[in-house]
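Student: I've just opened this one and would like a quick tour. Where should we start?
Tutor: Pick any residue that catches your eye, and we'll go from there.

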Amino acid sequence: MSQIEDLLVKSWNNIKEFFPNIVAAGVILIIGYIIGRLAQKGIDLILKKTGMRRYLERVEEREGRDIGISISTLIGVITKWIIYIVAIMSAINVLGITGLNQVIAQLVTYLPNIVFAMIIIVLGIIIGDKAAGIVRYTCEELKVPKYWIMGNLTRYIIYAIVIIIALSQIKIRTDVLIIGITIVLMALGITLIIALKEIAPNMAAGFHLIHDTPFKIGDMIEIDGNEGVVDNIGLVSTTIKTKGEKIIIPNSKFLKNVVKKKLQ
Amino acid sequence: MNSALIKKALELREESNSDALIVYINSKKDLESIRSLKDGKIIIITNNKSLLKKEEDFPVILMPVELPRIKRRIALAIAAAIENKLIEDGYNVVFVENTDKYKIISIEKAEDGIDHGIYRLLSKTRDIDPDVIYSVLEITKELGKKGREGEPVGATFIIGDSGNVMRRSTQITYNPFESSFINVKDSVVKSMLKEYSRLDGAFIIGDDGRVISASRYLESGKNDIELPKGLGARHISAAYITKVTDAIAIVLSESDKMIRIFSKGKLVLEVDPEEL
């Protein structure tokens, strides 16, 4: 009996001497695996409970994007793999393979950047969508023609900014992208300023025409040699109708020029 | 367009011995898939003007208004085909539509009736937005069906050429729509206009649907206006206004609850709101 006992103790000691690192590495891997799975579940739960998951899904659905995997699942999967990599790294560390260790150490220092980039993208999508909604609604209220363009414009500008920030987080050079987007934004800005320069004075005059009513729809007026019946008074322009002709006059003209109103 | 859907519709046309297949589409992609079928007997109905640009082997007809209700959409699509002399009264027609929400195949019997008149009216408005006419027609329909608080009610809507109409009318009481930008195409406005219909006088509505005035007393006259016997001052003045301006008038009679539409001084359509 004691012989067998001796043998068992000896072999156990051998194993303990021979494989302690492997056992430790195995334990670390298993713990890493469990934590990874739990983290994925946890993130899914957080995204679900905070309503972010439904929000992201809605945005994806509306945008008609189909990449086979949703952003919310992607976040869970990436987090899981980050934990796996950390576990693998620690296991290798225990085994003492230094060459591999350095590569993975570099990778791990890189991981927070990936996490931040992910968070930025998620927040960016939500902020972009909300901002687009607000801009769209405001433009609709102000009766801006083709108001949905303004909403989409806001959305894509925010997306562009978010992509640049996210890319710079994972240390990819974004200089060219920034230059390109700046040029586009500048062009847009200039167009907007030119357009507003034309429209703003007309709108100001339009408010005057609508609220102070110097003339009403149905009045016979003469302006700049055009004589006719006022058919419609809009915010930007006013339509007068003569025999067989409709004349559209920018509202600012009514402030600058003399208007003759015919009395019946 | 779902290719299985159109295939099924073609089969159904053969099986049910129908005379025509009407397809309601709005995108270029759908038009291309129809084109690839090389079937000259399909009739396309669309809201999208850009689909009319190219000459096709099959007829493409524009539907001037976007109709929310499917029953009306089918009826007006058939009316459009009748107006273009592609089908006749009594034909069997297969109707197909594929929207985001639902897919429809329906076998219908073509009927040359009220909808034909409505389609003709909607497709021949020059300056007036067809959606505006349709919205006003909906309002008068509801007013005619239910009245206001159970009492039968009369109403007059003068649409388009608002400058000249305003010149030929005077205000009875204060205009509640002064300096406002209320549009009949907004669904909220429906109930509002119904309430204001208790005011005496006509509603004046612009080409674009803006409600310019309520409670307007219309100038009236008799010259060369022929109306069926029994129509009163409301109808005569509405007909007269359409004679002397480019406006059209939609009138709901208080006595016989009929909707009558006038254009150029003539009665162009007479509809019972219950049938609409």
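Student: Let's try B:Lys124: buried or exposed?
Tutor: B:Lys124 is exposed, with a relative accessible area of 56%. Buried means under 20%, exposed over 50%, and partly exposed in between, with a 1.4 Å probe and protein chains only. Keep in mind that this is a predicted model, where local features need pLDDT of at least 70, side-chain atom pairs count only at pLDDT 80 or more, and totals for chains, interfaces and linings use all residues. Residues are numbered from 1 along each chain as its sequence is written, chains are lettered from A and ligands numbered from 1 in the order in which they are written, and side-chain values use heavy atoms, leaving out hydrogens and water.

Student: OK. Which side chain does B:Lys124 meet in a salt bridge?
Tutor: That would be B:Glu83, at 3.4 Å from N to O. A salt bridge here is a side-chain nitrogen of Lys or Arg within 4 Å of a carboxyl oxygen of Asp or Glu. B:Lys124 sits in the loop between helix 4 (114-123) and helix 5 of chain B, while B:Glu83 is in helix 3, so the pair ties together parts that are 41 residues apart in sequence. Over in chain A, salt bridges with shared partners link A:Glu222, A:Glu227 and A:Lys262 into one network.

Student: How are those helices assigned?
Tutor: Helices (H or I, at least four residues) and strands (E, at least two) are DSSP runs, numbered from the N terminus.

Student: How many salt bridges are there over all chains?
Tutor: The count over all chains is 24. One of them pairs the side chains of B:Asp207 and A:Lys246, with 2.9 Å between N and O. B:Asp207 lies in the loop between strand 8 (202-205) and strand 9 (211-218) of chain B, and A:Lys246 in strand 4 (residues 245-250) of chain A, so this pair joins two chains.

Student: How covered is each partner, B:Asp207 and A:Lys246?
Tutor: B:Asp207 counts as buried, at 11% relative accessibility, and A:Lys246 is partly exposed, at 37%.

Student: And which residue does B:Arg69 pair with?
Tutor: B:Glu138, in a salt bridge of 3.0 Å, N to O. B:Arg69 is in the loop between strand 3 (60-62) and helix 3 of chain B, and B:Glu138 in helix 5 (residues 130-146), so the pair ties together parts that are 69 residues apart in sequence. B:Arg69 is partly exposed at 44%, whereas B:Glu138 is buried at 7%.

Student: Switching topic: where is B:Ala9?
Tutor: In helix 1 (residues 3-15) of chain B, and it is buried, with 0% relative accessibility. Beyond neighbours within four places in sequence, B:Ala9 has contacts (heavy atoms within 4.5 Å) with B:Leu21, B:Val94, B:Val96 and B:Ile105. B:Val94 is 85 residues away along the chain, with a C-alpha separation of 7.1 Å from B:Ala9.

Student: What about B:Ile42: buried or exposed?
Tutor: B:Ile42 is buried, at 0% relative accessibility. It belongs to strand 2 (residues 42-46) of chain B. With neighbours within four places in sequence set aside, its contacts include B:Leu10, B:Leu21, B:Ile34 and B:Phe58. By contrast, the C-alpha atoms of B:Ile42 and B:Arg69 are 23 Å apart, with their positions 27 residues apart along the chain.

Student: Now chain A. How many helices and strands does it have?
Tutor: Chain A has eight helices and five strands. Along the sequence the order is α-α-α-α-α-α-α-β-β-β-β-α-β. Of its 264 residues, 28% are buried.

Student: What is the accessible surface of chain A?
Tutor: About 17600 Å², with 68% belonging to carbon and sulfur atoms. Areas come from the Shrake-Rupley method with a 1.4 Å probe; for residues, only the protein chains shown count as cover.

Student: Which residues make a nonpolar surface patch there?
Tutor: A:Val23, A:Val27, A:Ile31 and A:Ile35 make one of about 330 Å². Patch residues have over 30% relative accessible area and no salt bridge; like charges are joined within 9 Å, nonpolar side chains (Val, Leu, Ile, Met, Phe, Trp, Tyr) within 5 Å. A:Val27 lies in helix 2 (residues 20-49) of chain A and is partly exposed, at 41%.
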